[in-house]
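Open the structure in your viewer and keep the selection tool at hand. The tour below goes from stop to stop and says what to select at each one.

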Amino acid sequence: MRLPSSYLPTTIRSAFRFMVIGFSGSLVQTGFFLLAIKLMGNPEKGMVLYYVAFAIGFLLEMVPNYVFTNWYTFGTRPTLKNAGGFLLARAINLVIQFSLLPLLVYLLPTWQDDFLSMLVIFIAGCINYLVCLIFFKK
């Protein structure tokens, strides 16, 4: 059985697959983010709770994301090179997310936490794809 994305032109196939994995990972990350906020208390107590909750979601989502990025997105096997590249891309991703989160909380105070989280993840994810391309090429 062929995967539906295998019918796409090869030039956009990995980008589409990256979006599928990224979207799935974003849902997982956002779920853990919201659960952590609920368990830790009211985020109005300070930005630190947002950072801790966001980091929890980020870390718990990272392992399955690496596995599926290898297998589904780029059709590669885990190696030291792509694991290192993935960790570098994720570090860059985390810096971008941690920088954007307080900015968007400030600029969009009426938005729900889940929408803010998804917007931050989407913006960082686009940049993350470009970094991953370097390390996952066959």
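A residue is called buried here if its relative accessible area is under 20%. Keep in mind throughout that this is a predicted model.

**Stop 1: helix α3**

Select residues 80–107, which make up α3. Its buried residues are N82, G85, F86, A89, R90, N93, I96, Q97, L100, L101 and L104. Now show the other helices: the cover over these buried residues includes α1, α2 and α4. For the length of α3, set a distance between its end C-alpha atoms; they are 40 Å apart, which agrees with the 40 Å that 28 residues should span at 1.5 Å a residue.

**Stop 2: helix α1**

Move to α1, residues 10–40. This helix has 31 residues and reaches 45 Å from its first C-alpha to its last, close to the 45 Å expected at 1.5 Å a residue. Colour S14, R17, F18, I21, G25, S26, Q29, T30, F33, A36 and I37, which are buried in α1. Among the elements that cover them are α2, α3 and α4. Step just past the end of the helix to G41, where phi is positive, at about 120°.

**Stop 3: F18**

Go back into α1 and select F18. Is F18 buried or exposed? Its relative accessibility is 11%, under the 20% limit, so F18 counts as buried. Leaving aside residues up to four places away in sequence, F18 touches T73, F74, G125, N128, Y129 and C132. Add Y72 to the view: the C-alpha atoms of F18 and Y72 are separated by 8.3 Å, although the two residues are 54 residues apart along the chain.

**Stop 4: the aromatic rings**

Keep F18 selected and add F74, Y129 and F136; these four form one aromatic cluster. Over the whole structure, a search finds nine aromatic pairs. For one of the pairs, select F33 and F54: their ring centres are 5.4 Å apart and their planes stand at 80°, so the pair is edge-to-face. F33 belongs to helix α1 and F54 to helix α2, so this pair ties together parts that lie 21 residues apart in sequence. F33 and F54 are both buried.

**Stop 5: G75**

Next, select G75, in the loop between α2 and α3. With a relative accessible area of 40%, G75 is partly exposed. Draw a line from the C-alpha atom of G75 to that of Y106: the separation is 40 Å, and the two residues are 31 residues apart along the chain.

**Stop 6: the largest pocket**

Finish at the largest pocket, which has a volume of about 410 Å³. Select G22, F23, S26, I121 and G125; of the 22 residues in the lining, these are the closest to the pocket's centre. Which helix supplies the largest share of the lining? The answer is α1, with nine residues. To see the wider surroundings, show α1, α2 (47–73), α3 and α4 (113–136), each of which supplies at least two lining residues. Colour the lining by class, and there are 10 nonpolar, 10 polar and two charged residues.

Conventions: Residues numbered from 1 in each chain as written. Predicted model: local features only at pLDDT ≥ 70, side-chain atom pairs only at ≥ 80, totals over all residues. Heavy atoms only, no water. 1 Å grid on protein atoms, 1.4 Å probe; cavity = no way out; pocket = protein on both sides within 12 Å on 5 of 7 lines; lining within 4 Å. Points joined across faces, edges and corners; volume = space filled by probe spheres on them. Helix = DSSP H or I, 4+ residues; strand = E, 2+ residues; numbered from the N terminus. Nonpolar A, V, L, I, M, F, W, Y, C, P; charged D, E, K, R; others polar. Expected span 1.5 Å × (residues − 1). Buried < 20%, exposed > 50% of the residue type's maximum accessible area, 1.4 Å probe, protein only. Contact = heavy atoms within 4.5 Å. Phe/Tyr/Trp six-rings, centres within 6.5 Å; stacked < 30°, edge-to-face > 60°.
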